[in-house]
Amino acid sequence: MPKSADLLRLADAVLLPGFQGTTPPDWLRRRLGEGLAGVVLFSRNITGPTQLAALTAALRAENPALLVGTDEESGEVTRLEVATGSSRPGGYALGVVDDVALTEALAKDLGADLAAAGITIDFAPSADVNSNPDNPVIGLRAFGADADLVSRHTRAFVRGLQSTGVAACVKHFPGHGDTAVDSHHGVPVVATAGVDRALRPFREAIAEGVKAVMTGHLLVPSYDPGLPATLSPKVLTGLLREELGFDGMVITDGIEMAAVSGVYGIGGASARAIAAGADAICIGGERSDEATAVEVRDAIAAAVTEGLLPEERLADAARRVRELAVWTTSSGSTTSADGHIGLTAARRALRITRRSTVPVLPLTAAPQVIELSPEMNLAIDKGTPWGVGEPLRELLPGTRVARLAASEATGPAIERLIMEAGPRPIVVAVRDAHRHPWQGEALRHLLSARPDAVVVEMGLPERSDLGAVHIATYGSARVCGQAAAEAITGSL
């Protein structure tokens with residue numbers, strides 16, 4: 001059966017593709033004018049506030065009702081500040097402080113920046129309960145490992161963000177925290193015993209009035225043993241819509257991720273997601289060309305003509321997308337970001353364990369900093385700077401900084417750095433050392449030679465008994481490194 005222009009337009013009305021470049025390509029302008037729902041912006045599209053505002057204005061000129069979305073969680077996952085590192089810590093640091101007023105204020109501050117840049121939906125916060133410390137993709141993005149703590153901070157974040165007219169989008173439904181597989185690469189399975197705990201923050205977010213929910217590409221056997229949540233009517237319609245009562249927009253996580261596209265292809269997965277109860281398709285993290293956007297649109301339209309996807313379901317999805325776009329143009333109050341709340345939060349999140357009877361801090365001499373740098377998951381841009389070396393160099397000129405990846409952290413390399421340090425203090429920065437055995441080995445080597453070293457854990461701190469002083473930042477955002485450097489030099 002041929003696909004009509006109206007059907008193709010309806011399929012476009014549920015798509016949010018990505019694209020290359022810092023200005024809109026011609027194909028995107030054309031498609032927006034024809035009714036494309038919106039776009040998703042990645043770090044490749046952003047160079048700074050002025051450029052971003054110009055970009056979103058150019059997009060809006062083609063379609064005033066479009067949605068402009070991005071992943072700006074603050075902390076490790078940042079798009080607006082990818083070149084410098086985030087000026088706000090991520091969720092876990094906020095959970096450690098456990099001050100819901102601070103979380104709400106920080107989210108409002110973030111929303112002010114997003115609104116000024118023309119962003120209308122933020123794919124944040126992560127409402128996942130990170131109950132598995134070996135989780136390779138959530139970790140510091142969550143508010144914590146306790147469902148009640150995550151629930152109250154999820155609500156606070158949603159309140160703060162949406163007060164600025166930017167829609168919050170809680171993720172990754174029905175909860176990605178108790179998993180040990182990255183859904184960029186495979187299908188995580190959620191154990192039955194943990195489902196109720198994982199759902200609690202989503203229930204609370206819905207009660208708070210969150211405007212959007214992002215699906216996780218997760219298998220939840222207690223609800224559907226055969227299909228991941230993004231493709232499951234039992235999860236998206238039965239659980240999210242009917243049981244939890246959510247009536248806002250449901251958007252998929254990146255549809256090109258292997259957990260869903262690996263079996264059905266990107267177009268097939270998109271059509272099945274809409275049929276299951278999703279309203280919008282997020283595309284373009286890894287595939288961001290016109291051909292991909294056309295492929296997905298045509299697959300959704302074909303699913304209607306072939307009977308896989310009822311046209312009424314597609315029309316209902318497009319209605320929810322349209323209604324959210326209307327809300328974003330008519331809601332929120334004008335506020336300005338204050339520029340200080342992120343550093344305040346990072347300072348409050350620090351946890352310092354002094355293990356030496358000899359005073360180690362503050363350092364007054366320029367140290368040798370050794371940063372052990374693991375490979376990060378795809379949600380975190382590889383170009384985002386992190387560490388404690390640069391902020392220490394600003395406070396203690398002459399600070400030396402060496403960064404070692406897994407392949408570089410050899411015994412000879414470590415011995416050479418120890419020898420070159422001489423009498424200098426040594427500061428070692430690690431990131432999720434408990435998940436990376438090579439970091440543990442490198443730490444043991446360093447501390448056996450220099451037990452007076454300061455250890456700064458910028459991931460999840462499973463241990464605090466490492467180094468003469470152990471500093472847990474609960475994040476690797478720029479402000480987390482700055483707060484740690486202030487503590488090390490006594491300028492906090």
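Reader: What is the lining of the largest cavity made of, by class?
Author: Happy to start there, with the reminder that this is a predicted model. The largest cavity has a volume of about 120 Å³. Of the 16 residues that line the largest cavity, Ile-138, Leu-140, Met-376, Ile-380 and Asp-432 are the closest to its centre. By class, the lining has 7 nonpolar, 4 polar and 5 charged residues.

Reader: How many cavities of 30 Å³ or more does the structure hold, and which residues line the second largest cavity?
Author: The structure holds 4 cavities of 30 Å³ or more. The second largest cavity has a volume of about 60 Å³, and its lining by class has 4 nonpolar, 4 polar and 2 charged residues. The lining residues are Glu-73, Ser-74, Gly-90, Gly-91, Ala-124, Pro-125, Ser-126, Arg-141, Phe-143 and Phe-157.

Reader: How many aromatic pairs are there, and of what kind is the one between Phe-143 and Phe-157?
Author: A search of the whole structure finds 3 aromatic pairs. The ring centres of Phe-143 and Phe-157 lie 6.3 Å apart. Their planes stand at 55°, which is neither under 30 degrees nor over 60, so the pair is tilted.

Reader: Which parts of the chain does the Phe-143 and Phe-157 pair tie together?
Author: Both rings belong to buried residues, with a relative accessible area of 3% for Phe-143 and 2% for Phe-157. Phe-157 sits in helix H6 (147-162), while Phe-143 lies in the loop between strand S4 (121-122) and helix H6, so the pair ties together parts that are 14 residues apart in sequence: that loop and helix H6.

Reader: How are the planes of Phe-173 and Phe-202 set, and where do these residues lie in the chain?
Author: Phe-173 is buried at a relative accessible area of 0%, and Phe-202 counts as buried at 1%. Their ring centres are 5.3 Å apart with 90° between the planes, which makes an edge-to-face pair. The pair links distant parts of the chain, 29 residues apart: Phe-173 is in strand S5 (residues 167-173) and Phe-202 in helix H7 (residues 195-208).

Reader: Which residues have the most contacts inside the largest nonpolar core, and which helix gives the most to it?
Author: The largest nonpolar core has 92 residues, and those with the most contacts inside it are Phe-173, Ile-300 and Leu-314. A second, separate core has 27 residues, including Val-369, Leu-396, Val-479 and Cys-480. As for the largest core, the top contributor, with 7 residues, is helix H9 (residues 258-276).

Reader: Leaving aside neighbours within four places in sequence, which residues is Leu-314 in contact with?
Author: Leu-314 is among the residues with the most contacts inside the largest nonpolar core. Leaving aside those sequence neighbours, its contacts are Leu-7, Leu-10, Ala-11, Val-14, Ile-274, Ile-300, Val-304 and Leu-309.

Reader: Is Tyr-92 buried or exposed?
Author: Tyr-92 has its place in helix H4 (residues 91-97). Beyond four places in sequence, Tyr-92 touches Gly-139, Leu-140, Ala-142, Phe-143, Gly-144, Ala-145, Leu-460 and Tyr-474. One of these, Gly-139, is 47 residues away in sequence but 7.8 Å away in space, C-alpha to C-alpha. The relative accessible area of Tyr-92 is 14%, under the 20% cut-off, so Tyr-92 is buried.

Reader: Is Thr-47 buried or exposed?
Author: Thr-47 is found in the loop between strand S2 (38-41) and helix H3 (49-62). Thr-47 and Ala-317 are 270 residues apart in sequence and 33 Å apart in space, C-alpha to C-alpha. The relative accessibility of Thr-47 is 61%, over the 50% cut-off, so Thr-47 counts as exposed.

Reader: What covers the buried residues of helix H12?
Author: In helix H12 (residues 341-349), the buried residues are Ile-341, Gly-342, Leu-343, Ala-345, Ala-346 and Ala-349. Their cover includes H4, helix H5 (100-117), strand S9 (351-354), strand S14 (469-472) and H16.

Reader: Which residues lie nearest the centre of the second largest pocket?
Author: About 340 Å³ of space lies in this pocket. Helix H13 (389-395), strand S11 (400-404) and helix H16 (478-489) are the elements that give two or more residues to its lining. By class, that lining has 6 nonpolar, 5 polar and 6 charged residues. Of the 17 lining residues, those nearest the centre are Gly-387, Glu-390, Pro-391, Glu-394 and Arg-478.

Note on methods:
Residues are numbered from 1 along each chain as its sequence is written. This is a predicted model: local features need pLDDT of at least 70, side-chain atom pairs count only at pLDDT 80 or more; totals for chains, interfaces and linings use all residues. Side-chain values use heavy atoms; hydrogens and water are left out. A nonpolar core is a set of buried Ala, Val, Leu, Ile, Met, Phe, Trp, Tyr and Cys residues joined through side-chain atoms within 4.5 Å. Buried means under 20% relative accessible area, exposed over 50%, partly exposed in between (1.4 Å probe, protein chains only). Helices (H or I, at least four residues) and strands (E, at least two) are DSSP runs, numbered from the N terminus. Contact means heavy atoms within 4.5 Å. On a 1 Å grid over the protein atoms alone, a cavity is a set of points where a 1.4 Å probe fits but cannot get out, and a pocket is an open set with protein on both sides within 12 Å along at least five of seven lines; lining residues have an atom within 4 Å of a point. Grid points are joined across faces, edges and corners, and a volume is the space filled by probe spheres set on the points. Ala, Val, Leu, Ile, Met, Phe, Trp, Tyr, Cys and Pro count as nonpolar, Asp, Glu, Lys and Arg as charged, and the others, Gly among them, as polar. Rings of Phe, Tyr and Trp (its six-membered ring) pair if their centres lie within 6.5 Å; planes under 30 degrees apart count as stacked, over 60 as edge-to-face and the rest as tilted.
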